[in-house]
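Please open the structure in your viewer and keep the selection tool at hand. We will go from the whole chain to single residues, one stop at a time.

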Amino acid sequence: SGCGGSHEETVGGVKIPIPAGMTRSQESGIEVSLAGFGGAQSAYQGKLDPDKLIEFYRKEMPARGWQPSIRLLSKGGMLTYVKDSTTVIITVAKTDSGARMAIIAGGTQP
């Protein structure tokens, strides 16, 4: 598991910290293939406040060497981080019981 109440999971070949209290959804992970980009997505849900999730990633990702890229925050939000040629997109949405989160990780391809 990991320190600080989180553990790591691998999404699209990238190790991503997942806060304690968030579990992988039953929705199946999907492979993402856009022009010049390939990766995978995993969905999570839990009883955490969406703002706490956003705060977790705003601290945790830069501490692991990820550079913040795009940030859209409004009742949840989307955070994008880049390291080398790999991009991680984290979307957070409020639900009746807490939050849902999707993580897309992958890289640019020639």
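The tour below starts with the overall fold and then moves to a hairpin, a core and a serine.

**The whole protein**

Bear in mind that this is a predicted model. Colour it by secondary structure to begin: you should find 1 helix and 9 strands. Following the chain along its sequence, the order is β-β-β-β-β-α-β-β-β-β. Now switch on the surface, which comes to about 6300 Å² of accessible area, with 52% of that belonging to carbon and sulfur atoms. Of the 110 residues, 40% are buried. If you draw contacts between residues at least 6 apart in sequence, 47% of them join residues at least 24 apart.

**The hairpin of β1 and β2**

Next, select β1, residues 6-11, together with β2, which spans 14-19. The two strands run antiparallel and are joined by 6 bridges. For one facing pair, show Thr-10 and look across to Lys-15 in β2. Then step into the turn, where 2 residues lie between the strands and Gly-12 takes a positive phi near 55 degrees. Before leaving, check the cover over β2: 5 of its 6 residues are buried.

**The largest nonpolar core**

Which residues touch the most other members of the largest nonpolar core? Select Ile-16, Ile-18, Tyr-57, Val-88, Ile-90, Met-101 and Ile-103 to see them, out of 21 residues in that core. Two or more residues each come from β2, α1 (50-63), β7 (76-83), β8 (86-95) and β9 (98-108). The helix α1 gives the most, with 5 residues. As a general point, nonpolar side chains in soluble globular proteins tend to be buried together.

Now centre on Ile-90 and show its surroundings. Beyond its neighbours within four places in sequence, Ile-90 is in contact with Tyr-57, Met-61, Gly-77, Met-78, Leu-79, Tyr-81, Met-101, Ala-102 and Ile-103.

**Ser-42**

For the last stop, select Ser-42 in strand β5, residues 37-46. Is Ser-42 buried or exposed? Its relative accessible area is 5%, under the 20% cut-off, so Ser-42 counts as buried. Which side chain does the side chain of Ser-42 meet in a polar contact? Turn the view until Arg-24 appears: the two side chains make that contact at 2.7 Å. Leaving out residues up to four places away in sequence, Ser-42 touches Arg-24 along with Val-11, Met-101, Ala-102 and Ile-103. You have met two of these names before, as Met-101 and Ile-103 are among the core residues that touch the most other members.

Technical notes: Residues numbered from 1 in each chain as written. Predicted model: local features only at pLDDT ≥ 70, side-chain atom pairs only at ≥ 80, totals over all residues. Heavy atoms only, no water. Core = buried A, V, L, I, M, F, W, Y, C linked by side-chain atoms within 4.5 Å. Buried < 20%, exposed > 50% of the residue type's maximum accessible area, 1.4 Å probe, protein only. Helix = DSSP H or I, 4+ residues; strand = E, 2+ residues; numbered from the N terminus. Contact = heavy atoms within 4.5 Å. Polar contact = N/O pair within 3.5 Å; in protein donor to acceptor, adjacent residues only side chain to side chain. Pairing = 2+ DSSP bridges. Areas by Shrake-Rupley, 256 points an atom, 1.4 Å probe, with all protein chains shown as cover.
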